[in-house]
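Dear colleague,

I am passing on the structure we spoke about, and my notes follow directly below it. Please read them with the coordinates open.

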Amino acid sequence: MEDSMLKRFGVSMEGSLLRKFDHLVKKRGYENRSEAVRDLVRDALLQQSWEDDEQLVAGSLLLFYNHHQRHLLEEMTAIQHHMHHLILATMHFHLDHASCLEIIVVKGKADDIELLSNQLTSLKGVDYGKFTLAPVEQI
Ligand code: NI
């Protein structure tokens, strides 16, 4: 059999999880569950591909935080200056009196980017961090 041919496999999951999945399938406009699963698998594989440490990757880091948290701004700035060679741009949005959203666009070796991401998202006062990356062709 050719690899491009569709193959079937069984999936078991809790009823509550399946209901949520079906809701997602409908909301995103997939034709059926299979199409949704294929898309999710492709996405997971793409995210995992940069786990090869030497891979050149680019992407963005979203950080939601409270700027009233003591020392947070100083620490965040110090980390970014220390790893300035990985950072292409930083955008800052003041969401309300206390909350900030910072978007950091990065490019570099996967393990360096992962270190930067871990250092920033683990800071006290960072409520939520989301990292999206894709591999970049090596020249
Ligand atoms: Ni702000």
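I begin with a pair of histidines, whose side chains, those of His94 and His92, are joined by a polar contact of 3.2 Å. Please keep in mind throughout that this is a predicted model.

Both residues take part in a metal site: the protein donors of the nickel ion are His92 through NE2, His94 through ND1 and Cys100 through SG, and these atoms lie 2.1 to 2.4 Å from the ion. Along the chain, the donors of the nickel ion follow the spacing H-x1-H-x5-C. The UniProt record, in an unreviewed entry, lists His81, His92, His94 and Cys100 under "binding site", so a reader who compares that list with the model should note that the donors found here are His92, His94 and Cys100, as a donor must lie within 2.8 Å of the metal.

As to where the donors sit, His92 is found in strand β2, which covers residues 87-94, and His94 has its place in strand β2 as well. How exposed or buried is each of the three? His94 has a relative accessible area of 66% and is therefore exposed, the cut-off being over 50%. His92, with a relative accessibility of 33%, counts as partly exposed, whereas Cys100, with a relative accessible area of 2%, is buried because that value is under 20%.

The surroundings of the two histidines can be described in a similar way. When neighbours within four places in sequence are left aside, His92 is in contact with Tyr65, Cys100, Leu101 and Glu102, and with Tyr65 there is also a polar contact of 3.2 Å between the side chains. For His94, with neighbours within four places in sequence again left aside, the contacts are Ser99 and Cys100. Cys100 thus appears among the contacts of His92 and among those of His94, in addition to being a donor of the nickel ion through SG.

A separate point concerns Gln55, which is placed in the loop between α2 (33-49) and β1 (56-66). Although it lies in a loop, Gln55 counts as buried, because its relative accessibility of 19% is under the 20% cut-off. Its side chain reaches the backbone oxygen of Val136 at 3.1 Å.

With best regards

Definitions and conventions:
Residues are numbered from 1 along each chain as its sequence is written. This is a predicted model: local features need pLDDT of at least 70, side-chain atom pairs count only at pLDDT 80 or more; totals for chains, interfaces and linings use all residues. Side-chain values use heavy atoms; hydrogens and water are left out. Helices (H or I, at least four residues) and strands (E, at least two) are DSSP runs, numbered from the N terminus. Buried means under 20% relative accessible area, exposed over 50%, partly exposed in between (1.4 Å probe, protein chains only). A polar contact is a pair of N or O atoms within 3.5 Å; within protein, one must be able to donate a hydrogen and the other to accept it, and residues adjacent in sequence count only if both atoms are side-chain atoms. UniProt positions are given in the numbering used here, feature names are shortened, and annotations may be inferred rather than shown by experiment. Contact means heavy atoms within 4.5 Å. Donors are N, O and S atoms within 2.8 Å of the metal (3.2 Å for Na, K and Ca); water is not among the atoms, so sites may look incomplete.
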